[in-house]
Structures are given as structure tokens and as C-alpha cells.
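This report examines one residue and its surroundings, and then turns to the overall fold.

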Amino acid sequence: MAGPSAPRPPVQPDHKTALDLLPVLPMTAEVRSGRLWIGGVDMVGLAREAGTALYVMDEEHIRSQLRDYVKWTRYHWPEVDVVYAGKAFLSLAMVNIVAEEDCCLLCASGGELAYAIRGGLPMERVQVHGNNKTPAELAECLDAGVGRVVVDNFVELERLSAMAVERGVTQKVLIRVTPGVAADTHDFIMTGAEDSKFGFGLNQGLAMEAVKRAVELPGIDFDGLHMHIGSQIFALHSFAKAIEVMVGFMRDVTNETGEHVRMLDVGGGLGVAYGVPDEPSTIKDFGKVVVDGIKEECERHGLPVPRMAVEPGRSIVANAGVTLYTVGAIKEIPGVRTYVAVDGGMSDNIRTSLYDAHYEALIANKADQPREMVATVAGKHCESGDIVVRDAPLQCPEIDDVVVVCSTGAYCQSMASNYNKQVRPGVVFVCDGDWRWVVRRETYDDLLRPDCG
Ligand code: LLP
């Protein structure tokens with residue numbers, strides 16, 4: 001999903017302190033006695049006590065984002081499901097929060113579904129998607145009784161029907177449609193070719209054929225349509241354009257099959273600020289464009305307004321999280337750059353090397369000091385591409401300083417690996433002056449457990 005990566009001009013020290021970085025920090029972030037605190041917890045003390053590398057997440061921030069989605073979508077229409085996309089970050093504690101905040105969960109695999117089941121989330125609030133669900137995963141969906149399966153291809157549709165009939169159950173499905181609108185960070189592109197591994201395209205009549213098949217197949221209850229146009233989207237007009245296309249298709253469905261589309265799911269994708277200058281759209285504006293947009297389009301076509309779903313992932317958790325590292329080595333190459341080596345890297349944050357993603361960084365124990373130099377925060381892996389933040393304005397670093405990389409709550413822990421047999425960091429939730437492990441740090445025993453000798 002990385003946006004187009006234009007060559008960046010040389011980075012200069014920007015003299016910002018932690019207070020200037022609040023837009024990319026969790027909502028409870030503050031500076032006390034020169035240190036960064038989140039959720040009423042001192043990040044320096046936490047790093048020393050819990051160890052690093054460490055993912056820290058602000059529980060209040062996560063809940064507040066979910067509440068904002070619920071509020072600003074249902075403000076325009078009462079029947080909207082907020083379906084948190086678990087791929088962004090998932091743990092049992094997160095499932096709990098989703099349950100408590102009256103939200104639903106989007107699972108992208110049998111493994112994510114296992115979290116929903118173990119977390120005790122009511123199964124009607126679970127939705128499962130994916131372009132190649134295995135027969136085993138489809139069986140897991142049916143046996144668990146998940147609310148909706150987002151169907152991605154004909155083989156899956158036929159298979160799900162046969163398996164549902166075998167079990168004597170009926171499964172609600174959404175048909176995933178490729179609206180032909182691809183969003184990049186700041187604009188949208190109409191893709192005539194609909195070249196995507198996901199969903200059914202509109203142009204060749206595949207989406208209509210899928211809907212008709214879903215309507216006639218036994219064991220399948222055609223509930224509605226699904227789309228997802230991309231991730232880290234800043235420009236809301238790409239949603240508006242896709243909604244126009246989808247509601248037009250809803251009208252076609254009604255005309256051709258006599259069926260009403262009961263649910264329209266617009267997917268996720270709202271962007272977040274990774275850098276201080278980033279200005280993503282707000283959840284409030286997203287709610288207006290999406291929910292009002294669907295209502296208006298339905299009115300225009302004389303269609304009943306369907307139940308709606310939104311599937312935010314990144315915008316719920318990205319800015320809620322930071323990663324703490326300890327500085328272990330500093331290498332200054334005169335006239336070239338300074339490397340600040342930390343006790344983590346591409347195993348806990350692959351996004352920099354994979355997408356050329358950029359993050360803001362600061363030093364927790366120097367939070368009130370200006371970022372007076374530029375350094376590259378490097379990981380400890382055996383690859384020169386193992387960079388956490390390239391050319392980061394930073395306070396002057398020293399050995400044992402606690403480096404904070406901001407906005408790492410989404411797609412970092414969930415994409416972490418054990419490269420170099422590195423144990424994956426634990427996750428700590430902070431709230432009201434307390435912290436607790438929600439995922440403990442792995443041990444060497446965890447690493448070795450699957451080996452058969
Ligand atoms: N719904 C569907 C069907 C999706 O495929 C996704 C994300 C979402 C919802 C949530 O989108 P969000 O609100 O988080 O943008 N690994 C990449 C992001 C991949 C997103 C894949 N799909 C990254 O680190 O940026």
C-alpha cells in the first residue's frame with residue numbers, strides 16, 4: 001500500500017520536542033520531568049522494567065477511535081456495523097475491547113478466527129474474508145457460526161454452499177466486488193482492467209453472475225455486497241466514487257434478480273498520520289462521506305438504504321502504539337550518516353524495508369529536548385536493509401537511551417517475524433497509570449517449540 005515514494009530531500013534537524021510530535025503519538029502522551037509518558041506510565045521506567053524491544057499501546061486511544069467510528073457513522077444512519085480489521089493488530093485483549101465497544105471483528109484467516117473464538121466474541125459479530133480461504137477455514141467458519149463470510153470467488157461459493165448443506169445450516173454471505181476504483185494515498189484511479197486478485201469485477205459481468213449464483217445456491221443467504229479499495233487513503237473522494245459505483249450495482253442487482261441488497265460493506269482504508277505534516281481525513285468526515293454518500297446514492301436510485309459496514313484497521317490502532325527500543329551502539333560515519341542501532345528491527349517492524357514507510361522517532365528520556373541531529377535508526381539483523389527509521393530527526397543519542405518509534409500500533413506486531421531467531425517483542429497496554437502485558441515477550445522455548453528434532 002505504500003504511497004508513491006518520491007526522492008526525499010535531505011533531512012535536517014527540526015528541533016521538535018515530544019510536544020511537537022503529539023499528532024503521531026497516542027492521545028494520552030505527555031511530557032513529565034523531561035520524559036515521555038503514555039497512559040500515565042513513564043516510558044523510560046517501563047522500558048527498564050519490562051525490557052525492550054517492546055510494543056506499547058494506549059488502551060484509551062484504541063477505545064476512543066472505535067467509539068468515534070461508532071458515533072460518526074451511526075450519526076448518519078443507525079444501522080452501521082464497525083468491523084475492526086484484526087490484521088492491523090490482534091490479541092485476546094484486543095478482541096475484548098472490540099466486544100466491549102459494541103464492534104465486530106473482521107478475520108482474514110482461520111488463525112484470526114481462532115482469536116475471536118478464544119476471546120469469546122459473539123460469532124454473529126465476526127466476518128471472515130480472504131481470496132483463498134481453504135476448505136478447512138470454510139469449515140471453521142460454518143462450525144463456529146460466523147455472522148458473514150465475504151465470498152471472493154466461484155469455487156469458494158460452491159464449496160461453501162455444499163458444506164453448509166452438509167451441515168444443515170445457512171450461511172450469510174457478502175459478495176466482494178471490485179468497483180474498479182483504486183485509491184492511492186491522495187487520489188483515486190479508475191482501473192478499467194480490474195486487475196486484482198480480490199473479488200468479482202463489474203465489467204465482465206462476473207459480480208452479477210456471483211450474486212445470481214449466491215441467490216440460487218442452497219445453504220447460502222445472499223446478504224449483500226463488499227468492497228475494499230485500499231489502505232492509508234487520505235482522499236475521501238475515492239470512497240465517494242466507489243460508493244457511486246457500488247450503489248449503481250445494487251440497483252442492477254435489484255433490477256435483474258428482484259433481490260434487495262441488505263448490507264453494503266465499504267471496507268477499511270482510512271489513512272493516519274505517520275509524519276507530523278500528514279493530514280489524514282477525520283473519522284467524522286469519513287462517516288459523512290461514506291454513510292451520507294450511500295444514503296444519497298440510494299435515494300437517487302430509489303433504493304431502500306441498506307445496513308452498512310465499515311472495516312477500519314490502521315486508523316484504530318496505528319497512532320495508539322509506539323515501539324520502545326534501547327540504544328546499543330552508535331556508529332558515526334563522518335560526512336555520511338549516524339547509525340543508531342537498537343535491539344529490534346525488521347523482525348518487529350518490516351514496514352520500513354517493505355514499503356519504504358517513514359516514522360517519527362524521539363528519545364523518551366530526552367523528550368523535552370529538541371531533535372538536534374539526524375540519525376538512522378537501524379535494527380540488529382544481518383541485512384543492510386534492516387532500518388527502522390531512515391534519516392530521523394532525533395535528540396542526540398547515547399548508549400542506553402530509550403528510542404521511541406511513533407505510530408507503530410498497526411501492521412507491525414501483526415507482521416512481525418522471527419528472522420535471525422529473534423524473539424518477538426511483547427505487547428503492553430497502558431491505561432490510567434498502570435501497565436499490563438497483553439502479549440508476553442517470546443522466549444527461546446517459544447522459538448524451539450514447533451521443532452520436531
Ligand atoms: N478490509 C479489508 C478487506 C482489507 O483487506 C483491509 C486491509 C482492511 C479492511 C483494513 O484496512 P485499513 O483500515 O487497515 O487500511 N500491511 C499493509 C496494509 C495492508 C492492508 C490490507 N488490507 C501495511 O502495513 O500498510
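His226 has a relative accessibility of 1%, and therefore counts as buried, since the cut-off for buried residues lies under 20%. The model is predicted, and in it His226 belongs to strand β13, which covers residues 220-226.

The side chain of His226 forms a polar contact with the side chain of Glu311, at 3.0 Å. Beyond its neighbours within four places in sequence, His226 is in contact with a set of residues that includes Leu174, Ile175, Arg176 and Val177. Gln127, Val150, Met246 and Asp265 are also among these contacts, as is Glu311.

The burial of His226 can be set against the protein as a whole, where buried residues account for 56% of the 453 residues. Contacts that link distant parts of the sequence are also frequent: of those between residues at least 6 apart, 71% join residues at least 24 apart.

The secondary structure consists of 12 helices and 23 strands. A compact globule of 453 residues would have a radius of gyration near 22 Å, and the protein agrees with this because its own value is 23 Å. The table collects further values for the whole protein.

| Property of the protein | Value |
|---|---|
| Span of the C-alpha trace along its principal axes | about 70 × 50 × 40 Å |
| Accessible surface | about 18,500 Å² |
| Share of accessible surface from carbon and sulfur atoms | 50% |
| Distance between the mean positions of positive and negative charges | 1 Å |

The charges in the last row number 43 positive and 63 negative.

Terms used:
Residues numbered from 1 in each chain as written. Predicted model: local features only at pLDDT ≥ 70, side-chain atom pairs only at ≥ 80, totals over all residues. Heavy atoms only, no water. Helix = DSSP H or I, 4+ residues; strand = E, 2+ residues; numbered from the N terminus. Rg over C-alpha atoms; globule rule 2.2 N^0.38 Å. Buried < 20%, exposed > 50% of the residue type's maximum accessible area, 1.4 Å probe, protein only. Contact = heavy atoms within 4.5 Å. Areas by Shrake-Rupley, 256 points an atom, 1.4 Å probe, with all protein chains shown as cover. Lys, Arg positive; Asp, Glu negative; His and termini not counted. Charge placed at Lys NZ, Arg CZ, Asp CG, Glu CD. Polar contact = N/O pair within 3.5 Å; in protein donor to acceptor, adjacent residues only side chain to side chain.
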